[in-house]
Amino acid sequence: MSEENTSEVARKLELLKLRFKEKATKDIGLLQQTTDQFRVGRFGPNDVAAAYHSLHRLAGSAGTFGYSALGEEARALEIMLKPLAEVSDEVAPEQVQNVVDEAFVWRVTRLVDFLSLDQAVGHIAAAASVPVSGEMATESCVLIVHSDPNRAQELVHGLELHGFVPLALPTLQQAIDYGLSEVAALIVEDTQILRDGWQLETASDTPPVISLGAGDSFDERYALAECGVDGFLGEPVDIPALADYMERLITEREESGSGRVMIVDDDPELLEHYGLVLEEGGLEVWRVNDPAEILSALSEFRPDIVLMDVQMGKYRGPNLAQMLRFEPGWLGLPIIYLSSEDDREFQVDAMAKGGDDFLTKPVSDDFLLRAVTVRCYRARQLDKLASRDSLTGLLKHSLAKSEIQIEHTRCQRRGEQAVVAMLDLDHFKQVNDRFGHRTGDLVIKGLANLLRHQLRKSDVIGRYGGEEFVVALPDCSLENARRIMQSVCKNMAGIEFQSDGQEFTVTLSVGIVPLQDFLTSDDAIDAADQALYRQKQTGRNGVWVGGDKSVPVRTLG
Amino acid sequence: MTETETTLERIMLVEDEEDIRAVAELALEAVGGFTLTTCASGQKALETLAEFKPQLIVLDVMMPGMDGPTTLKAIRERPAFVDTPAIFMTAKVQPEEVNGYLSQGAVAVIPKPFDPMALSDKIRDIWSNLKPEQRSA
């Protein structure tokens, strides 16, 4: 094969792989629905065979498209189902329920996750990865507990559009049996919480719990709060509001227990001890034994806070703090002294030189951990305030631009490819005019959350202006970027917003260009903006692929 | 290449799954340089057989309606294709099952999933191990 032919084959394989992934996602969704029906004993004579064939197909084909893990798991499930599929007479519901138990349904649901474990197809497949689901699959798994299957399905469909991976179960007990440790949020109808909510106390690692209910009285809400519920929404549920609510609770939860701490101490034993205590508590720790290394350690680790001894050999903590403040980038970094000095005068003096707080030794391990954790959390929140857009939690304009610049430099240096996209909501002014700004804000948040879920953690997502967003996809081909953005457009158009009892949808226009083809990242952003403008001119709701001026601009699907 | 050897050119693939047909086209035409005709069902294969005159037939085992073994049986009833070498493709590769397929008149079994980049070589290997009289032009 010639080299040209080889890359052409690789490109086509990559396309086939994408097609397979799309189809497999659909098939798995169907399988999930069928097996859910098996659980409740609702199935026709051909349904078992159909499910068996579907698994058999996945088992046989997934590996060919680079999803070996999916193929193997499907094969395992296929073998379990085989005895049922081979029974010629009608199968009794009990027989089916014996095989298709909670664990089976759970495994079927998780098949989708295997689609994110992609490997190269064949030996020469293109390096471009497909960041459609990426890491989000496990992070965004949401359990919906509702006794009314129709309502549950509505919630499932609604939340799927927002990028969550919802699973509906009829009772709270089943949700607990299913396991809550990997679930991002639990949505439960209020009657079940009030009746069975106590069960949650025995479960460890509960995610944020949101209760849904028709009753809206003070007494009921108080009772829910007493049960330890994190949020409440009235029924009928406004899905975008629910999605936003969940997003907030999940983010808070994720951030409250984490943090990055740099400890500076010249006593190696103490350094190790503090380090272990904080690491045990789930924090990330960087130990600096020699204060002279503090600057390089800081730029490499970028901690949330610094924990520093006051007197370290010939170095004094307050002087080090003052020195750090020479660097504008470290002006906001909280520095906390660990010191046996409890003279207030001395403490105030030290703080005047750039320190923020004191923890007086001796300090118990438990107190140290808690004190450091809250300070990390606080430092993150403050940092967010400065760098993140308050409405959406996405990067602010200037920061997004500088991140894209960093990505541009990286592409140039390593010869990699990346894509810049500009996104703009269609006719957004009309939304604001008709429904008011609060509704408009909800739409903006809806898109922000959708992007957060559908893109990878490594992607740059920024709010560029009012209803304009900028995205950079590192290590991504133009074609993959187009598909991803196309799917964002599709999902956005499917979200039904509500205001004043009216339902409406909002579409999205996108322009994309290859970042590495431009001299500067600003040029790329401008070009993406022009591509966006072309899409606006040619009917909105879709993706325009722009690029090198020598290549004629074309539109795709 | 010696004179007695006949080169494999025309392959027929019978496979109900569209994805697999597409990837096999790529694997056998673009990568392998063969001339391939794909059929979505056993019925379709029987209709196309006389016109395409395949030198080798690759059949998926599990297909709705006519499955692979049934299709092969029907093909063998056509005098012109009594001896055309056939290969089964299947996700089931228990040794006793392989023997079962071979006894039904297949010359080899290719397990699924297959590596699209290696499929042509595999088929060429199978072809070169056939007896000369099986390798019709």
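**Exercise 1. Polar contacts of A:Arg456**

Task: In this predicted model, find which side chain the side chain of A:Arg456 makes a polar contact with, and state whether A:Arg456 counts as buried or exposed.

Solution:
1. Locate the residue. A:Arg456 sits in the loop of chain A that runs between helix 20 (437-454) and strand 14 (460-463).
2. Look for a side-chain partner. The side chain of A:Asp459 is in polar contact with that of A:Arg456, at 2.7 Å.
3. Look for a backbone partner. A polar atom of the A:Arg456 side chain lies 2.5 Å from the backbone oxygen of A:Pro474.
4. Assign the exposure class. The cut-off for buried is under 20% relative accessible area. A:Arg456 counts as buried because its relative accessibility is 13%.

**Exercise 2. Placement of A:Leu399**

Task: Determine which helix holds A:Leu399, which exposure class applies to A:Leu399, and what distance separates the C-alpha atoms of A:Leu399 and A:Gly462.

Solution:
1. Read off the element. A:Leu399 belongs to helix 18 of chain A, residues 397-414.
2. Apply the accessibility bounds. Buried is under 20% and exposed is over 50%, with partly exposed in between. The relative accessibility of A:Leu399 is 29%, so A:Leu399 counts as partly exposed.
3. Take the C-alpha separation. A:Leu399 and A:Gly462 are 63 residues apart along the chain, and their C-alpha atoms are 7.9 Å from each other.

**Exercise 3. The interface of chain A and chain B**

Task: Describe the contact between chain A and chain B by how many residues it takes from each chain, what area the chains bury between them, and how many salt bridges are counted.

Solution:
1. Count the residues. Chain A contributes 26 residues to the contact and chain B contributes 21 residues.
2. Take the area. About 2000 Å² is buried between chain A and chain B, with 67% of it on carbon and sulfur atoms. Of the area that chain A buries against chain B, 24% comes from A:His56, A:Thr64 and A:Arg75, more than from any other three residues.
3. List the polar terms. One salt bridge is counted between the two chains. The side chains of A:Lys23 and B:Asp19 form a salt bridge with an N to O distance of 3.2 Å. Two residue pairs are in polar contact across the interface.
4. Assign the chain A side to elements. Helix 1 (3-39), helix 2 (47-61) and helix 3 (68-86) of chain A each provide at least two residues of the side that touches chain B. Helix 1 of chain A gives the largest share, eight residues.
5. Sort the side of chain A that touches chain B by class: 10 nonpolar, nine polar and seven charged residues.

Technical notes. Residues numbered from 1 in each chain as written. Chains lettered and ligands numbered in written order. Predicted model: local features only at pLDDT ≥ 70, side-chain atom pairs only at ≥ 80, totals over all residues. Heavy atoms only, no water. Contact = heavy atoms within 4.5 Å. Buried area = accessible area lost by both parts, 1.4 Å probe. Salt bridge = Lys/Arg side-chain N within 4 Å of Asp/Glu carboxyl O. Polar contact = N/O pair within 3.5 Å; in protein donor to acceptor, adjacent residues only side chain to side chain. Helix = DSSP H or I, 4+ residues; strand = E, 2+ residues; numbered from the N terminus. Nonpolar A, V, L, I, M, F, W, Y, C, P; charged D, E, K, R; others polar. Buried < 20%, exposed > 50% of the residue type's maximum accessible area, 1.4 Å probe, protein only.
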